[in-house]
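Q: I'm new to this one, so please pick a part and take me through it closely. Spell out the terms as you go.

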Amino acid sequence: MSETYRLRVPGTSANLGPGFDAAGLALGLYNDLLVRPTGGAAISLAVEGEGADSLDPQDNLIIEAYRRAFELLQKPAPGVRLESFNRIPLARGIGSSSAAIVAGIAAAQVVSAGALSLATAIDLASAMDGHPDNVLPALVGGICVACRDQEGHVYWHRIDPPQGLYAMVLIPDYPLPTGKARQAMPEAYSREEAVYNIGHYGLAVAAFMSENLALLKEALKDRLHEPYRLPLMPGMARMRELALDAGALAAPVSGAGSTMLVLSDKPLAAAPFMAQAAEEKIKLQALKVPIIAQGVQRTDTETEMVLWP
């Protein structure tokens, strides 16, 4: 009887203010994927949870990533039955697409008995997602900064989550598709705006690496994407004000939105955000989630296994 593999893929929050398309972190909010090799050629997918009623099981990022991984290995993709249990909301800026891509690549990794290198997995995932800021923390965990060269190879560094840094995600009940969020951004920026973001991005990386959390109050400010995306997120500008008034270090837009990531050096209560959402007639989830050190893992063994040690 073929072995069954269980994979756990974390959600992510990308951009982190000034790190547009270049920085992200892994969150303790997971999708699970069961992988059952069949010995045949057919590849099928069943979905439960988020997206079960809207995702096409035949035209899906999980299957596409699985097939493309085997194309890189120059082998036919073996037949599998895949079952995805989704907890990461779709089109909310917390990594649902990157989780699907990483799940498919991780499925190929276990079925191929570890034939994919980490560098190959990262480059493939980044090519499929368009940039590395979401897929990289889903693969390796922690806080990640990255860039790509002209050939699409990813250069990256991973930072352990700082001690004493707390995260909450404010997830409204409306989506914000990435394409729409990108269309809202201008085609060009002034030198002043570019210099502003370069300085703040550098300071943010230094703050995370040195665990000097107080610097995040200034470091996570942005002028490239948030001024254009926040108006597409009804009620969330007020949520940011509430977060900062409550002592949060920063409240950047998570990915392309519509979620807001609240970072603080102390636990914050969810009640004020829920009360404001009720006042504005917005359905909201306010979830306290850890920033996690591990990316995708295999969980069907006695101890959780990373796929790329």
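A: Over residues 60-142, the chain is 55% helix and 8% strand, and the C-alpha atoms at the two ends are 26 Å apart. (Helices are DSSP runs of H or I with at least four residues, strands are E runs with at least two, and both are numbered from the N terminus.) This is a predicted model, where local features need pLDDT of at least 70 and side-chain atom pairs count only at pLDDT 80 or more, while totals for chains, interfaces and linings use all residues. Residues are numbered from 1 along each chain as its sequence is written, and side-chain values use heavy atoms, leaving out hydrogens and water. An unreviewed UniProt entry annotates residues 60-142 as "domain: GHMP kinase N-terminal"; UniProt positions follow the numbering used here, feature names are shortened, and annotations may be inferred rather than shown by experiment.

Let's start with helix α1. Its 12 residues, 61-72, reach 16 Å from first C-alpha to last, close to the 16 Å expected at 1.5 Å a residue (the expected span is 1.5 Å times one less than the number of residues). At the N-terminal end, Asn-60 acts as a cap, with a side-chain oxygen 2.8 Å from the backbone nitrogen of Ile-62. Just past the helix, Gln-74 has a positive phi of about 55°.

Which residues of α1 are buried? They are Ile-62, Ile-63, Ala-65, Tyr-66, Ala-69 and Phe-70. They cover an arc of only 165° around the axis, so they sit on the same side of α1. (Buried is under 20% relative accessible area, exposed is over 50%, and partly exposed is in between, using a 1.4 Å probe and protein chains only; the arc is that of the directions from the helix axis to the C-beta atoms.) Those buried residues pack against β2 (23-37), β3 (43-49), β4 (80-86), α2 (96-111) and α3 (118-129).

Now for some spots elsewhere in the chain. Ser-13 belongs to strand β1, residues 5-14, and is buried, with a relative accessible area of 1%. Its side chain makes a polar contact of 2.8 Å with that of Ser-254. (A polar contact is a pair of N or O atoms within 3.5 Å; within protein, one must be able to donate a hydrogen and the other to accept it, and residues adjacent in sequence count only if both atoms are side-chain atoms.) Leaving aside neighbours within four places in sequence, the contacts of Ser-13 include Ala-23, Asn-134 and Leu-261 (contact means heavy atoms within 4.5 Å).

Leu-261 leads us to strand β8, residues 260-264, where five of five residues are buried. Met-260, Val-262 and Ser-264 are on one side, with Leu-261 and Leu-263 on the other. In a regular strand, side chains alternate between the two faces of the sheet. β8 runs antiparallel to β7, joined by five bridges (strands pair if DSSP finds at least two bridges between them), and Val-169 stands opposite Leu-261.

Met-168 lies in β7 and is buried, at 3% relative accessible area. Its C-alpha is 8.5 Å from that of Ser-264, although they are 96 residues apart along the chain. Beyond four places in sequence, Met-168 touches residues including Phe-273.

Phe-273, Gln-276 and Ala-277 are the buried residues of helix α10, residues 271-279. They fall within an arc of 100° seen down the axis, so they line one face of the helix. The face turned away from them carries the exposed residues Ala-271, Ala-278 and Glu-279.
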